Amino acid sequence: MMSRPGMRTTIPATVTVAVCVAILFCTTTAQAQTASGDNSAIYLYKGADRDQRLIAKAREEGTLIFYTSMATTESGPLAQAFEKKYGVKVQLWRALSENVLQRALTEARGGRRALDVVETNAPEIEALAREQVVAEFDSPHLADLPAWAIPSHRRWFSDRANLWVTGYNTGKVKREELPATIEGFAEPRWKGRLAIEATDNDWMYGVVNFMGEQAGLDFFRKLAALKPDMRKGHILVAQLVAAGELAVCLTTYSGNADSIKAKGGPIDWVAVDPLVGRPQAIAVAKNAPHPHAALLFADFVLSPEGQKLLGDMGRVPASRTQKTLLDQHKYVMVDPIKWADEAPRWEKVWNELFLR
């Protein structure tokens, strides 16, 4: 029935009740989700007002807690750039990747809601995904990422890659001495001159996948016979190469070497074949206490602005909006999901070869 001018339109009582019930249900559901830490509605929202709403809500939350293994010389400026742009405070906790993983797992299993965002080696993030510590999320910047940066479950995305290159002390080794392929380092002349970061069993996994299992294992047996110096910590090995304590490290992160080189340190590196990379990943906590701020930070890191900042600091951003070493070399990228499935076997091989 159409209403005439001046005639009051009466809303049926059943409709009023239905609307009230719907509002009550939505409010109760939202409160229950917040209480339980279920942030999926926030993480997967794709409405036209997504960005504006996300920024406003993140500013209301005011802060976020960020765990990472990225050196504070890079993670600090990244956090500061985000704070300056959005006015949201970042509480940064930095440790080795294994410690980042352990802390996040321990807190989640204990029911402690502390973590908002985590960024470290993708295999460690994959372990958090399998434990349901991190959640599926969406970002407008995913279209800029290569296939290796996007797992099917979408509980993390790669924001950068760590590339294992051969770092060397420029006062102890001449560039022309270095072989073009990794097989050349199995020659006896390198005995007593080589180092490897002690946790880089996934580097071995990448090399073996590139060579084929038999050829790859044959190479690593020859390399192990040379008794390379095993040191733990990628920043540490780069520093030791620059200090001259180590002449050559086969598993130097290019970004770490570049940071020291930029300050005048006697270190350089070459990319011998195969150039092996490992995705680094960013993820948001399923039970994040500041979910809007967490998602906004992930957006920022994956954005062209955040990716350029990573590149400017010597890291290798994943986004195709940036030009990196991956555009200049043939490479093989470790698949974190396959690695997680096969890791026990290869860790055993690694330990038997290099850590006995």
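Visitor: Let's start with a charged pair. Which side chain does glutamate 305 meet in a salt bridge?

Guide: Side chains of opposite charge can pair when their charged atoms come close. A salt bridge here is a side-chain nitrogen of Lys or Arg within 4 Å of a carboxyl oxygen of Asp or Glu. Glutamate 305 meets the side chain of lysine 85, at 3.2 Å from N to O. The two come from distant parts of the chain, 220 residues apart: glutamate 305 belongs to helix H12 (residues 304-312) and lysine 85 to helix H4 (residues 72-86). Helices (H or I, at least four residues) and strands (E, at least two) are DSSP runs, numbered from the N terminus.

Visitor: Before we go on, what kind of model is this?

Guide: It's a predicted model, with residues numbered from 1 along each chain as its sequence is written; local features need pLDDT of at least 70, side-chain atom pairs count only at pLDDT 80 or more, and totals for chains, interfaces and linings use all residues. Side-chain values use heavy atoms, with hydrogens and water left out.

Visitor: Are glutamate 305 and lysine 85 buried or exposed?

Guide: Neither word fits. Buried means under 20% relative accessible area, exposed over 50%, and partly exposed in between (1.4 Å probe, protein chains only). Glutamate 305 is partly exposed at 41%, and lysine 85 is partly exposed too, at 39%.

Visitor: How many salt bridges does that rule give?

Guide: The count comes to 25. One of them joins glutamate 177 and arginine 193, whose closest N and O atoms are 3.1 Å apart. Both residues sit in the loop between strand S4 (157-169) and strand S5 (194-197), so the pair ties together parts 16 residues apart in sequence. Relative accessible area is 24% for glutamate 177 and 23% for arginine 193, which makes each partly exposed. Another salt bridge brings arginine 189 and glutamate 187 together at 3.0 Å, N to O. Here arginine 189 is partly exposed at 42%, as is glutamate 187 at 37%. There is also a network: salt bridges with shared partners join Arg50, Asp51 and Asp299.

Visitor: Arg50 makes me curious about helix H3. How do I read a helix like that, and which of its residues are buried?

Guide: Begin with its span, where the expected value is 1.5 Å times one less than the number of residues. H3 (residues 50-61) has 12 residues and reaches 16 Å from first C-alpha to last, close to the 16 Å expected. Its buried residues are Arg50, Leu54 and Ala58. Down the axis of H3 they fall within an arc of 55° (taken from the directions from the helix axis to the C-beta atoms), so they line one face of the helix. Gln52 and Glu60, on the other side of H3, are exposed.

Visitor: What do the buried residues of H3 pack against?

Guide: Helix H11 (291-302). Contact means heavy atoms within 4.5 Å. After H3 comes glycine 62, with a positive phi near 85°.

Visitor: How would I read a single buried acidic residue? Which side chains make polar contacts with aspartate 268?

Guide: Look for N or O atom pairs within 3.5 Å; within protein, one must be able to donate a hydrogen and the other to accept it, and residues adjacent in sequence count only if both atoms are side-chain atoms. Aspartate 268 lies in strand S8 (residues 267-270) and is buried at 15% relative accessibility. Its side chain makes a polar contact of 3.3 Å with the side chain of arginine 175 and one of 3.2 Å with that of lysine 261. Leaving out residues up to four places away in sequence, aspartate 268 also touches others, including Thr166, Gly167 and Tyr168.

Visitor: And backbone oddities? Where is there a cis peptide bond?

Guide: Between aspartate 273 and proline 274, with omega about -5°. Proline 274 is in the loop between S8 and strand S9 (275-284). Also check positive phi in residues other than glycine: glutamine 132 has phi near 65°, and lysine 227 has phi near 55°. Glutamine 132 is in the loop between helix H6 (122-130) and S4 and is partly exposed at 38%. Lysine 227 is in the loop between helix H8 (213-225) and strand S6 (229-231) and is exposed at 64%.
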